[in-house]
Structures are given as structure tokens and as C-alpha cells.
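Welcome, and please open your viewer. We will go from stop to stop, and at each one you will hear what to select and what is there.

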Amino acid sequence: MSTAETMSTPLAQTPLPDMPVPEGPYIALENLRKAYRIGGQTIPIFSGLDLAIPRGDFVAIMGPSGSGKSTLLNMLAGIDRADGGTLRIGNSRLDQMGEGARAAWRAHHMGIVFQFYNLLPMLTAAENVELPLLLKPLSARERRARVAKVLDLVGLAGREKQRPGLMSGGQQQRVGIARAIVSDPDLLLCDEPTGDLDRASADAVLDMLRFLNTEMKKTIVMVTHDPQAALQARRTLHLDKGQFLEETRAAG
Amino acid sequence: MSFRQTRVMIRAALTSLPRRLALSASMALSVALVVSTLAGFLAMARGFELALAGAGSPLVAVVLGGGTNQESGSAIPPGTVHALSVLPADTGLARDAAGHLLMSREIVVPVDLAEAEGGASRTLALRGMDAAGAVLRDGVTLTQGHLFSGGARDIVIGARIAREFNLHVGDVLRLGPVDWTVAGEFAAGGSAFESELWADLETVRATFDRQGEVQSVKLRLTDPAALITLRENLAKITETPLTAVSEAELYAGQSGRTAGLIRLFGWPLACLMAIGATAGALNTMMSSVSDRTVEIATVRALGFSRFSAFLATWVEAVILAIIGTVLGLALSLIAFNGWQASTIGANNARMSFDLAVTPDVMVWAGLLGLLIGLIGGALPALAATRVPLTAALRARG
């Protein structure tokens with residue numbers, strides 16, 4: 001696709017440091033354990049969870065409330081820690097990193113798409129998208145060029161100066177996606193990305209995620225309640241009571 | 001990069017201020033209140049000091065007797081006064097063109113004067129002095145009328161008294177048992193002199209039954225160092241213990257005590273208020289962190305540092321404190337600077353002075369205001385670094 005080709009050039013201008021890719025899956029969870037302590041009670045979420053996701057995969061995770069979907073996503077994002085087991089992404093052991101290192105890791109390797117977009121209302125669309133780039137050694141000009149490219153990619157060219165409050169939910173989520181990919185991360189984590197959208201907007205967002213996976217080779221892990229959304233993924237994992245029950249692969 | 005993160009976080013914090021306008025405004029106002037309270041007290045102390053500092057000259061020696069270093073309670077025997085008047089020419093004392101020593105014997109009598117017809121009376125200092133007395137004082141100019149003359153019940157009044165009591169040259173007023181005529185009015189740059197009434201020494205002594213009494217002797221020195229020579233000579237001419245201080249020292253000593261007392265009240269009161277304002281600031285900033293939880297959690301999830309969250313919250317607190325401080329100082333300047341106050345001076349008489357919001361007053365009051373922001377904002381800033389990312393990311397932003 002021509003858009004993808006034009007995208008890949010500017011984003012590649014300041015490549016991230018090369019990561020030696022180890023043998024095996026891109027994301028590997030082994031014997032992962034997690035429990036919450038509430039009011040003196042221990043509530044186990046995972047008691048030895050295993051998961052392997054190869055590079056370039058698009059995985060949907062479905063499951064009822066309380067099944068551990070969000071906890072899993074939070075741990076993949078490094079904003080929550082496992083009690084035990086190993087969590088490796090690329091060649092980084094997130095389970096062994098401190099808080100600061102995980103924040104730095106997120107800044108370089110991961111984009112997050114939120115259910116409620118989590119855009120800063122006082123910043124314009126372009127300023128919101130620019131946020132992850134502020135953590136990189138780029139000049140203002142380089143940052144502007146990258147922001148313009150990704151906003152163009154998500155179909156919001158010309159809306160740079162608009163504030164989120166004046167945009168529809170679908171548009172806001174597209175700004176959210178632009179923010180997630182602007183620093184060209186390998187991994188996209190999507191937390192119910194269509195949960196707050198009407199069907200048409202949801203479909204547009206899912207198309208975009210699919211495009212990012214197929215054309216830009218992003219590895220995507222998406223937590224969702226929406227079966228239609230899950231259908232867009234290469235495979236769907238069903239989580240219940242802290243265990244993966246079954247796996248559904250997309251047809252074709 | 002850290003600077004960029006912090007800058008955008010600060011911007012986000014400040015531009016979200018309208019969402020919590022009432023709380024933020026109340027924090028700024030409470031800081032303003034503390035700052036203006038402290039500025040008020042300090043301006044009072046400083047104004048008092050300036051009024052007395054303006055009155056004292058290092059070139060005028062004040063000789064006091066009776067083991068005191070104040071005019072009230074001082075007494076100098078007539079023999080000693082005579083011995084002083086005949087001190088030889090080479091003793092560092094200034095003389096007039098005719099070769100007479102520039103010397104004034106003085107007493108201060110507290111007198112009551114009604115502010116208006118039937119109004120409350122106030123105690124003022126009536127100073128009896130020799131004719132040289134007015135000449136001895138630096139920075140004093142006769143603005144209207146003439147000086148008192150021997151024998152007549154004439155008084156010369158300070159500009160402040162003229163203003164406060166609405167007195168003019170030619171007015172007759174009753175001080176003690178007799179009537180006096182206002183012969184002249186003098187200005188002394190707003191100093192403590194302007195709160196005095198001056199009259200002829202003999203007339204004052206006769207009227208108030210203080211024959212032969214001298215409380216102090218003022219002498220003009222040729223240079224400030226001559227005070228030491230004078231002290232040596234005093235020990236030679238009499239066995240009565242006498243003290244010689246410069247007029248500047250005398251008034252500085254008086255101002256030091258009273259200004260110290262004003263500050264002694266002002267600082268604890270302002271500090272107590274500051275503790276209250278700090279608690280208010282803490283509350284305001286905690287609300288700010290709570291209000292910005294999703295935003296803080298979002299940028300933290302994107303990889304922003306804890307430090308940027310800390311600094312943004314702290315800067316918001318300091319900026320609100322700065323707004324309050326500027327407001328407080330502006331209010332102090334408008335309301336207090338030049339505002340007239342009065343107190344009981346060293347001679348048990350009323351002394352008027354202007355409150356002075358000087359740069360040092362503004363710096364101290366301003367620092368206290370800033371401190372409220374720095375302390376009140378520190379804990380909430382720490383709380384901002386501990387925003388639970390997991391819960392916040394699921395909240396509707």
C-alpha cells in the first residue's frame with residue numbers, strides 16, 4: 001500500500017537501536033503468577049500462566065470480566081508486576097526490570113491504545129501525538145514531520161490543531177493510535193480499542209490495526225469484549241479464571 | 001528530554017487549572033493573606049525604624065545623666081551643665097559664628113491634647129529646649145511661622161501633629177495649665193521629630209514646675225569621632241555618671257526595642273497563618289493530583305518519568321503561591337505603604353510614623369509566601385509520582 005510505503009521512510013529516519021532478536025517467540029510468558037491482596041485476602045489471578053506470541057502476530061484476548069485480561073495487559077505493558085515467573089518481550093526481561101527501566105522500555109518499544117483514548121484535553125491532536133517523541137532525541141522539526149505523517153496515516157491530516165474535545169470518538173481513537181505508533185514501536189497493546197465506539201468507527205479502527213499489522217509488521221496484542229473486533233486478529237485466545245482455555249484462528 | 005517531558009507536564013497541569021478554579025483561587029488568596037499580614041507587621045516595624053533613624057544624626061551628641069540611656073529618667077545637675085558649656089575649644093564640639101557652643105539643654109514633658117473639640121485627648125511630647133535646639137537638629141526645616149522666643153508661650157509644632165490635629169500658625173491651644181500659641185511649623189522628613197512640640201526651655205520649666213531641671217544636653221560635634229573625646233572629657237569635668245551617645249544611637253536603640261516587639265508579634269502570627277495556608281495548599285494540590293490522575297497515569301504509561309510528574313505538580317503549587325504572593329504584596333503596597341500609624345514613644349508620648357513596605361519587607365513576606373507553595377506542594381507532588389497507573393488507565397479520561 002502506498003501510504004505504508006510513504007510512512008515507513010520518515011519513521012525509519014531515526015531508527016531505534018537494533019535489538020538482537022533471540023530464538024523463539026517475541027513475547028514469552030512462563031509460569032507467570034499474580035495475585036491481589038484485598039483486605040487481608042489473597043485473590044489469585046494467574047497461578048502459572050504460559051503464553052508465546054511470535055513477532056508480527058495479531059492476537060486478540062477475550063474473556064469474561066475478572067478473567068485476568070486487564071491484568072495480563074498491564075503486565076505486558078510493564079505498569080503492573082508479576083509475583084513470579086518470567087515475562088520476556090524481545091530480549092528484555094520485564095519481570096527483572098525496575099519501575100524506571102520499564103518506563104524507559106515502554107517509551108522505546110511499545111505503543112498503547114486505550115479504551116477511552118486517554119488524550120490530554122488541553123493539548124491539540126498533534127501535541128497529543130507528539131508526547132512519546134518528547135522522550136526521544138529528536139529535534140522539533142523532526143518531531144513535527146513524524147506527527148504530520150502519522151496523522152496523515154490515520155486520516156486526520158489537517159486536524160493537527162484541533163483539540164480532542166471537538167472530535168468524535170472515532171477520530172479521538174485514531175489520534176490515540178497515531179500516538180501509539182508515532183515512535184515506531186515493535187509492539188502495540190490495545191485495551192478495548194473499540195469499546196467506546198459505534199460500529200462504523202470501530203470498524204475503521206480495526207481496519208487500521210490490521211493495516212499496521214500486515215503492512216507495518218507491528219505485533220499487536222488486543223484485549224476486547226467485541227467478537228467482531230476479535231475476528232480481525234490472526235488468532236483469538238480465550239482467557240477464563242486465569243487460564244487460556246482455547247484458541248481460535250482467523251479463517252484464511 | 002527530561003526537560004521536554006517536564007515542560008509538557010507543567011503545561012498540562014497549568015492549562016487544566018480552570019477545571020479547579022475555585023480551589024486554586026482559594027489557595028492563592030490564602031497565601032496572599034499570609035503575605036500581606038506579615039508584610040503589614042514588618043512594614044510597621046520598618047516604618048517605625050525609619051522614623052527614628054531619620055531623627056538621629058551621628059553629628060549630634062546627647063548627654064544623659066542618672067545612669068540611663070534614655071531621656072525619660074535622665075537628669076543632669078546644673079553644675080554639670082555649666083561645666084559642659086565651658087569646655088575648651090579643641091574638644092571636637094561645634095560652635096556658631098560668634099564662638100558660642102552649639103548646645104541645647106532639654107526636657108521633655110508629656111502633655112495631653114484633644115484631637116478635636118470634645119474629642120479624645122492624646123499624650124504628646126512637649127520638648128523644652130534652648131534656642132540652639134532647632135539648629136542642632138539635622139534635616140529640620142521651618143515650613144511656616146517662626147521659632148519660639150524666650151518668655152513668650154510660643155510653640156513650634158511638627159508637621160505630623162499639624163496634620164493630625166489640624167493646627168495652624170496662630171492657633172491657641174491649652175497644654176497643661178496655660179494656653180500656648182502656635183508660632184511655627186516644621187518638617188523633618190517624616191521622622192519622629194515631627195511628632196513633637198517644641199518650646200522655650202525656661203517657659204516649659206516654669207509652666208510645668210520643673211525649675212532647674214535638665215534631662216539631656218545636645219551638642220553638635222565637628223565629626224562623629226569627637227564623641228569619644230567628649231566621653232573622656234565628661235569623666236574629667238564631673239563625678240556624676242554621665243552617658244554620651246550620638247543622637248543616631250539613641251534613636252536606633254529606641255527603634256530597636258519597639259521594632260523588635262512588633263516583629264515578635266508579627267512573625268509568629270504570620271507563621272501560624274502560614275501553617276494554615278500550607279494545609280490549604282496541600283489540600284488544593286491533592287485535589288489537583290486527583291483531578292489529573294488520568295492524565296498523569298497516561299503520560300507515565302507512555303514512558304514519562306516519575307520526576308516529571310513530581311515537578312509538574314510542584315511547579316503548579318509554586319506558581320499558585322507566586323500568584324498569591326504577588327497579590328499579597330500588591331495589596332500591602334496599596335493598603336499599607338504610607339499608611340500612618342502611631343505608638344507610644346520613648347518619652348511616654350505619642351509618636352506617629354508611616355508604614356514602610358520596603359524591598360526587604362517584600363522579600364521576607366514574599367519568601368514566606370513561596371515557602372507555603374514549596375512545602376504545601378511537595379507532598380502532593382510526591383503523591384503524583386505514586387498515581388496507580390493500572391486503575392487510572394481504565395478510568396474514563
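## Stop 1: two helices in chain B

Select helix α10 (residues 306–335) of chain B together with helix α11 (residues 359–385) of chain B: their axes come within 7 Å and cross at roughly 155 degrees. Because of that angle, α10(B) is roughly antiparallel to α11(B), as angles over 145 degrees count as roughly antiparallel. The crossing of these two helices, α10(B) and α11(B), is right-handed. Try colouring the contact of α10(B) with α11(B) by residue class, and you will find 19 nonpolar, eleven polar and one charged residues.

Before moving on, keep in mind that you are looking at a predicted model.

## Stop 2: two helices in chain A

Now select helix α6 (residues 169–181) and helix α7 (residues 199–214), both of chain A. At what angle do the axes of α6 and α7 of chain A cross? They cross at roughly 15 degrees, and the axes come within 9 Å. Since angles under 35 degrees count as roughly parallel, α6(A) is roughly parallel to α7(A). The crossing of α6(A) and α7(A) is right-handed.

To see the contact itself, show the side chains of A:G169, A:G170, A:Q173, A:R174, A:I177 and A:I181 in α6(A). Facing them in α7(A) are A:S201, A:A204, A:V205, A:M208 and A:L212. By class, this contact of α6(A) with α7(A) has six nonpolar, four polar and one charged residues.

## Stop 3: two residues with a positive phi

Next comes a look at the backbone. Most residues other than glycine have a negative phi.

Zoom in on A:K241, which is not a glycine and yet has a positive phi of about 50 degrees. You will find A:K241 in the loop between β9 (235–240) and β10 (243–249) of chain A. Is A:K241 buried or partly exposed? A:K241 is partly exposed, as 14 other C-beta atoms lie within 10 Å.

Then jump to B:D209, in the loop between α6 (201–207) and β9 (216–220) of chain B. B:D209 is not a glycine either, and its phi is positive, at about 60 degrees. B:D209 counts as exposed because it has 9 C-beta neighbours inside 10 Å, and the cut-off for exposed is 12 or fewer.

## Stop 4: a pair in chain B

Stay in chain B and select B:E164, which sits in helix α5 (residues 159–165). With 19 other C-beta atoms within 10 Å, B:E164 is partly exposed. Now add B:S195, 31 residues away from B:E164 along the chain. Draw a distance between the two C-alpha atoms, and your viewer should show 9.7 Å.

## Stop 5: where the chains meet

Show both chains. Here, 22 residues of chain B are in contact with 23 residues of chain A. On the side of chain B that touches chain A, the elements giving two or more residues are α1 (2–15), α9 (293–302) and α12 (389–393) of chain B. Which of these elements gives the most? That is α9(B), with seven residues. Sorted by class, this side of chain B has nine nonpolar, eight polar and five charged residues.

## Last stop: confidence in chain A

Finally, colour chain A by pLDDT. The mean for chain A is 86, and 90% of its residues reach 70 or more. Then select residues 1–22 of chain A, where pLDDT stays under 50. For this stretch, residues 1–22 of chain A, the model has 23 contacts beyond four places in sequence.

Methods. Residues numbered from 1 in each chain as written. Chains lettered and ligands numbered in written order. Predicted model: local features only at pLDDT ≥ 70, side-chain atom pairs only at ≥ 80, totals over all residues. Axes fitted to C-alpha atoms, helices over the stretch in contact; angles between N-to-C directions. Helix = DSSP H or I, 4+ residues; strand = E, 2+ residues; numbered from the N terminus. Parallel < 35°, antiparallel > 145°, perpendicular 65-115°, else oblique. Left-handed = near helix turned anticlockwise from the far one by under 90°. Nonpolar A, V, L, I, M, F, W, Y, C, P; charged D, E, K, R; others polar. Buried ≥ 20, exposed ≤ 12 C-beta atoms within 10 Å, placed from the backbone. Contact = placed C-beta atoms within 7 Å. pLDDT = per-residue confidence, 0-100.
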